[in-house]
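Grab a pencil and work through these exercises with the model open beside you. Each task comes with a solution, taken one step at a time.

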Amino acid sequence: MSGTITEKIVEAHLVEGETEPGEEIAIEIDQTLTQDATGTMVMLELESMEVDEVRTELSAQYVDHNLIQEDNKNPDDHLFLKSACQKWGVWYSPAGNGVSHPVHQERFGIPGKTLLGSDSHTPAAGAMGMLAIGSGGLDIAMAMAGEPYHVEMPEVWGVELEGELPNWCSAKDVILELLRRHDVDGGVGRVIEYHGPGLDSLTAMDRHVIANMGTELGATSTVFPADEAVRSFLAQQEREEDFSELLADDDAEYHVTEHIDLSAIEPMIAKPSSPGNVVPVTEVAGENLYQGYIGSSANPGLRDFAVPAMIAENHRVPPEVSFDVNPTSRQMLQNLTAEGYLTMLYASGARVHQAGCNGCIGMGQAPASGRNSLRTVPRNFPGRTGTREDSVFLCSPETAVASALAGEITDPRTLEDTHDMSYPEWEEPQEIIVDDSALSPPPENPGGELEKGPNVKSLPEFEEVPDAISGPVLMKVGDDISTDEIMPAGSAVLPYRSNIPKISEWVFDQVEQGFYQRAEDAGAPWLVVGGSNYGQGSSREHAALAPYHLGMRAALAVSYARIHWQNLVNFGIVPLQFVDRDDYDAIEQGDELELPAIREELRNGTEVTVRNGTQDTEFTAEHSLSPRQVDVVLQGGLIEEYKN
């Protein structure tokens, strides 16, 4: 395929390999993004690798996830991150300055650049004509050290847009429609590239919403052109000099094609508990409501708060509904205040929280058990809110505020009759308040000591893969198991992000309370068996590191989500795939498995022998590791390979 934006950026950054889908390539990384839930590990990895200074064009560290300061752990880690930025030469965005993805787009997004982030929603920057990819923290540490990023060359999925969105619909409904069509694995192995005349009606922040949730399709990334909408956005952010046009060729060819008529879009909603469980809002209208929630990196733009404010103006949410507003940045709060939107929201009964990820990652705003919560966040995996028995729906800001006002799940179009309301007329302003005063630039001469609080622990020791691996199947799970189920988020868990021994106590806790004790009793090694799309969701490498600490040394799955598969490799856990799904079905949790020649077979081919000692059977599994990745995993992971 030729002439796509994706291919142009890859070709401009290609270090190794051929740009054929499925082939491993290495690309140069211009920028990196880390946030505090994952960045602490990145900085500890840089320390372990003995890196002296960051070698990217720009690296930025954001504190946006772990904002609750109920004891010393989070603030201590914030100080650790700030000292790490000084030591290695990284931009630092402190607590309260805003969510990483929109702030990075506002301050650092540049068309044509590559961005690697230790957050799975890093592809949001594709709204700027960047190739932005989410990955595990160790991949980001390597990029910060000046190493290229290795990834399988994806297919380019061209999505043509035409028409214009109708009233009461917005960009969130577009990506929910794509999820309705293709579910959470429809984008695996692909970059989604949008084109067509329908782009003319979508602002850069509208595109951010769509690019952000391309991750929920399993896509490697999402790319939009750098066109007039991007130039206008950069001018608004007082950075027009960073604009350069980047368009697909008129005769660009795509591996896969899709067409969306924006004028035919209707309000959509993802039911519990998957972003792919999408239906029109009309199918669930009338169901009870406990919470309406607007904000997050999946709806971070000024219009995503201004339009709900205008809808809510002169109305009041019922007292039994919690209407939660999570502004995405300090700059956003200033603009909402200056334009009067914040007053409208307060007057409607909204609870306005600090700028950050907050409830999206289970840091506050948790719903009551089993009560319906409508959220504009990107994910509704089970228990992600911090409430084990949660019931979360994903929707647009229009649907969230309409439902909050009505006291039940509501198609926002019905407000025209029930509340005698017209859809608000709102246009993106050319000039806004721009505030980057909280950002700390890298020092001219990086260096100094790391400031480590008592919660910061060193990484575990990583061992070479032995000649054979033998152990029990300590956990067997089904399809689409997310990293939130392997390693939960939330205010009880994430404060231990820099303490692998402690955070390991929550491994698989969402699936089986008490799993940690079983793992402790079993000792190393043990295995996990998973269904298709194992490890979807977050880039948090804790979902590999913590099981490794407890003794996990291999995984057998029908298929893997890209980032988690790479994280397993990076930490020396052998990821194998079933050749025959019947072999997956036959295995029982507790079966004793043996990989009798794992080291030799990894080196000599793609097939691996698996013996089930409990059932006295044998079958063949396979791996999809490149020769480079075989060397990495056999040495015990990427850190050991880098040191050697």
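**Warm-up: a cis bond and its loop**

S273 sits in the loop that runs between β13 (268-270) and β14 (278-280). Elements here are DSSP runs numbered from the N terminus, with helices being H or I of at least four residues and strands being E of at least two. The peptide bond leading from P272 into S273 is cis, with omega near -5°.

Before going on, some ground rules: this is a predicted model, where local features need pLDDT of at least 70, side-chain atom pairs count only at pLDDT 80 or more, and totals for chains, interfaces and linings use all residues. Residues are numbered from 1 along each chain as its sequence is written, and side-chain values use heavy atoms, with hydrogens and water left out.

**Exercise 1. Find the cis peptide bond that leads into P525, and place that residue.**

Step 1: look at the bond from A524 to P525, which is cis with omega near -5°.
Step 2: P525 belongs to the loop between α16 (515-522) and β21.

**Exercise 2. Work out why the radius of gyration of the protein agrees with a compact globule.**

Step 1: take the rule, 2.2 Å times the number of residues to the power 0.38, with the radius taken over C-alpha atoms.
Step 2: for 644 residues this puts a compact globule near 26 Å, and the protein has 24 Å, so the two agree.
Step 3: for the outline, the C-alpha atoms fill a box of roughly 70 × 55 × 50 Å along the principal axes.
Step 4: check the inside, where buried residues (under 20% relative accessible area; exposed is over 50%, partly exposed in between; 1.4 Å probe, protein chains only) make up 63% of the 644.
Step 5: count contacts (heavy atoms within 4.5 Å) with a separation of 6 or more; residues 24 or more positions apart account for 77% of them.

**Exercise 3. Decide whether helix α4 is enclosed or open, and name what covers it.**

Step 1: go along α4 (residues 100-107), where eight of the eight residues are buried, so the helix is largely enclosed by the rest of the structure.
Step 2: the buried set includes H101, H104 and R107.
Step 3: the cover includes strands β3 (31-35), β4 (58-62) and β6 (114-117), along with helices α7 (204-213), α8 (228-236) and α10 (330-338).

**Exercise 4. Describe the surroundings of E155.**

Step 1: place E155 in strand β9 (residues 155-162).
Step 2: at 27% relative accessibility, E155 is partly exposed.
Step 3: leave out residues up to four places away in sequence, and E155 touches P21, G189, R190, V191, H255 and V256.
Step 4: the side chains of E155 and R190 share a polar contact of 3.3 Å. That term means N or O atoms within 3.5 Å; within protein, one must be able to donate a hydrogen and the other to accept it, and residues adjacent in sequence count only if both atoms are side-chain atoms.
Step 5: E20 lies 135 residues away along the chain, yet its C-alpha atom is 8.2 Å from that of E155.

**Exercise 5. D183 and S296 have positive phi values: which is buried and which is partly exposed?**

Step 1: phi is near 65° for D183 and near 95° for S296.
Step 2: D183 is in the loop between α6 (171-182) and β10 (190-195), and S296 is in the loop between β15 (291-295) and α9 (302-312).
Step 3: D183 is partly exposed at 34% relative accessible area, whereas S296 is buried at 1%.
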